[in-house]
Amino acid sequence: MNGAESPSDDVVVVGGGLAGCEAAYQLAQRGLRVRLVEMKPHKRTPAQTSDRMGELVCSNSLRGAALSNAVGLLKEELRRVGSLALRCADETSVPAGGALAVDRERFAEAMTRAIEAHPRIAVERREVTEIPAERPVILATGPLTSDALAASLAAAVGAEHLAYYDAIAPIVSADSIDWSRVWKQSRYGKGGAVRGERAAPQEGAARPEPTAPPPEDAAERRDDAEAGDEAYVNCPFDEAQYKAFVRALVESEKVEARDFEEVRYFEGCLPCEVMAARGEQTLAFGPMKPVGLTDPRTGRRPYAVLQLRPEDEAATAYNLVGFQTRMKYAEQLRVFRMVPGLEEAEFLRMGSVHRNTFVDAPALLGPAMELRALPGVHLAGQISGVEGYVESAAAGFVCAILLAQRLRNEPLRPPPPTTALGGILTHLGRKQPSYQPSNITWAHIAPLEPAHGKLRKRARYEAMAERALRDLDAWWAAG
């Protein structure tokens with residue numbers, strides 16, 4: 001599918017994030033001229049700090065790499081079909097155990113360089129304040145869609161489909177961490193439990209049963225165990241420290257939503273203070289669970305742990321894993337300096353909150369990711385209702401492939417539903433009582449045929465991955 005020259009009319013792509021860059025690159029690779037419109041540096045959202053394209057604003061992790069993990073399968077599929085985002089991620093990766101994490105500055109530089117150097121992509125730096133009149137157009141403005149463009153989209157599809165909040169975790173300088181109070185160890189290091197196993201309660205503490213996680217997360221943590229990863233830094237809490245920290249989160253001053261905005265968080269990326277408000281032990285069974293960790297100073301597992309993950313290859317900075325927040329900046333300094341080891345922390349980036357704009361895809365999008373109400377207007381990335389870096393790039397890839405087929409007057413040939421790329425379309429087309437963004441999961445991929453018999457979970461996922469790659473290769477070769 002790397003093929004022939006296509007019609008020479010321009011395709012307009014709005015947004016220079018993962019989905020927009022991926023879509024523009026794939027269209028250009030297929031002989032189409034592309035105008036990629038990016039509003040930076042003329043305007044930025046509160047979450048953005050760089051003028052580069054492909055900026056990662058929430059985390060530097062692209063999550064698990066194992067093929068028994070749905071997002072690991074999605075990454076491998078993207079590699080096989082020539083994804084720009086995966087190529088740049090692999091070139092700029094940093095240690096993260098069983099996950100793929102990147103040096104975000106080098107990653108954005110690589111993405112920007114590839115886009116600006118492509119002979120069939122023209123980059124225009126300006127804000128788009130309404131849906132362009134040119135057709136075809138791909139809107140890939142993602143979670144950081146500007147107010148003006150969001151209002152234009154709302155007028156076309158209905159405002160009730162658009163706004164909720166997503167939050168960003170802080171980053172601290174490595175040399176400001178008190179290394180005498182912390183240690184390096186993967187939460188699920190060698191011999192450690194996988195996510196979803198019950199942690200034995202500390203003496204005298206009433207601890208609730210943890211909620212069972214998606215199976216692919218357990219597979220990701222097993223990969224960390226097999227790697228013996230020590231990329232994560234652990235800040236240990238005793239019971240009194242933990243309870244004081246939770247109280248401080250709950251009582252902290254938060255950034256309030258504006259009057260015309262409705263706060264609807266994505267359950268997979270809740271602000272830490274929202275989790276804390278759900279119950280004193282919520283964090284202890286969420287991002288602060290101590291399962292699989294042993295403090296080398298005591299030889300015991302702490303009551304709770306806050307983990308830090310390196311931001312760059314040289315590990316000069318660390319982000320607070322799972323601690324996206326909407327606390328006011330002064331409150332973040334006060335509360336996060338209660339974390340053992342972070343008492344004198346220098347914060348290189350404060351946590352912040354931003355609106356995530358998405359549509360009710362099953363009701364509004366056609367088979368080519370095109371708005372039924374506006375023919376020629378396609379959506380890609382998080383604005384279509386996927387969640388996560390890899391999923392956004394995948395949605396940009398799929399949207400570009402389908403649009404290129406249409407512009408060549410070919411029958412639409414979407415990726416097979418047995419693949420993770422096909423699973424992106426499955427999610428976008430699956431009607432729900434209340435549509436929510438989603439990461440890729442095995443539930444989005446067609447189940448195995450009965451002939452496979454009853455397999456244990458990991459064996460089943462491995463069999464599904466083997467089938468997916470076989471079907472993907474056949475689909476790609478036929479194009």
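E124 is partly exposed, with 22% relative accessible area, and its partner in a salt bridge is R35. That's a handy way into this predicted model, which has 13 helices and 16 strands. Of its 479 residues, 61% count as buried. Below is a quick tour: the salt bridges, then a sheet, then some helices.

**Salt bridges**

- How many salt bridges does a search of the whole structure find? It turns up 22.
- In the bridge between R35 and E124, the closest N and O atoms sit 3.4 Å apart. R35 belongs to strand β2 and E124 to strand β6 (residues 121–125), so this pair ties together parts that are 89 residues apart in sequence.
- While E124 is partly exposed at 22%, R35 counts as buried, with a relative accessibility of 18%. The cut-off for buried is under 20%.
- D10 pairs up with R33 in another salt bridge, with 2.8 Å between the closest N and O atoms. Here the link runs from strand β1 (residues 10–14) to strand β2 (residues 33–38), so parts 23 residues apart in sequence get tied together.
- Both ends of that bridge are partly exposed: D10 has a relative accessible area of 26%, and R33 comes in at 43%.
- D90 and R79 meet in a salt bridge too, at 2.7 Å from N to O. D90 is in helix α3 (residues 84–91) and R79 in helix α2 (residues 70–80), and the two residues are 11 apart.
- Neither of these two is buried: D90 is partly exposed at 34% relative accessibility, and R79 is partly exposed at 31%.
- Which residues do salt bridges with shared partners join into one network? They are D10, R33, R35, E124, R126 and E134.

**A six-stranded sheet**

- One open sheet has 6 strands, paired antiparallel in the order β10-β11-β12-β13-β9-β14.
- Why is one side of β10 (183–184) and of β14 (347–349) left without a neighbour in the sheet? These strands stand at the edges and have a single partner strand each, so there is nothing in the sheet on the other side.
- β12 (residues 304–310) is mostly covered, with 7 of its 7 residues buried.
- In general, side chains in a regular strand alternate between the two faces of the sheet. In β12, A304, L306, L308 and P310 point one way, V305, Q307 and R309 point the other way, and all of them are buried.
- On one side, β12 pairs with β11 in the antiparallel sense over 5 bridges. In that pairing, C235 stands opposite L306.
- β12 also pairs antiparallel with β13 (residues 317–320), this time over 3 bridges. Across this pairing, R309 has N319 as its bridge partner, and P310 has Y318.
- The hairpin of β12 and β13 has 6 residues between the strands, and A315 there takes a positive phi near 55 degrees.

**Helices and how they sit**

- Helix α7 (residues 239–251) lies across β11 (233–237) and β12, and runs at about 95 degrees to β11.
- Two packed helices are described by the angle and the distance between their axes. For helix α1 (residues 18–29) and α3, the axes come within 8 Å and cross at roughly 115 degrees.
- Those two helices are therefore roughly perpendicular to each other, since angles of 65 to 115 degrees count that way.
- Which residues make the contact between them? From α1 it's L18, C21, E22, Y25 and Q26, and from α3 it's L84, A85 and R87.
- An α-helix has 3.6 residues a turn, so residues three or four places apart point the same way. In helix α5 (residues 147–157), the buried residues are L149, A150, S152, L153, A154 and V157.
- G158 follows α5, and its phi is positive, near 105 degrees.

**The whole protein**

- Take the contacts between residues at least 6 apart in sequence: 74% of them join residues at least 24 apart.
- The protein exposes about 19000 Å², with carbon and sulfur atoms supplying 51% of that area.

Note on methods
Residues numbered from 1 in each chain as written. Predicted model: local features only at pLDDT ≥ 70, side-chain atom pairs only at ≥ 80, totals over all residues. Heavy atoms only, no water. Salt bridge = Lys/Arg side-chain N within 4 Å of Asp/Glu carboxyl O. Helix = DSSP H or I, 4+ residues; strand = E, 2+ residues; numbered from the N terminus. Buried < 20%, exposed > 50% of the residue type's maximum accessible area, 1.4 Å probe, protein only. Pairing = 2+ DSSP bridges. Contact = heavy atoms within 4.5 Å. Axes fitted to C-alpha atoms, helices over the stretch in contact; angles between N-to-C directions. Areas by Shrake-Rupley, 256 points an atom, 1.4 Å probe, with all protein chains shown as cover. Parallel < 35°, antiparallel > 145°, perpendicular 65-115°, else oblique.
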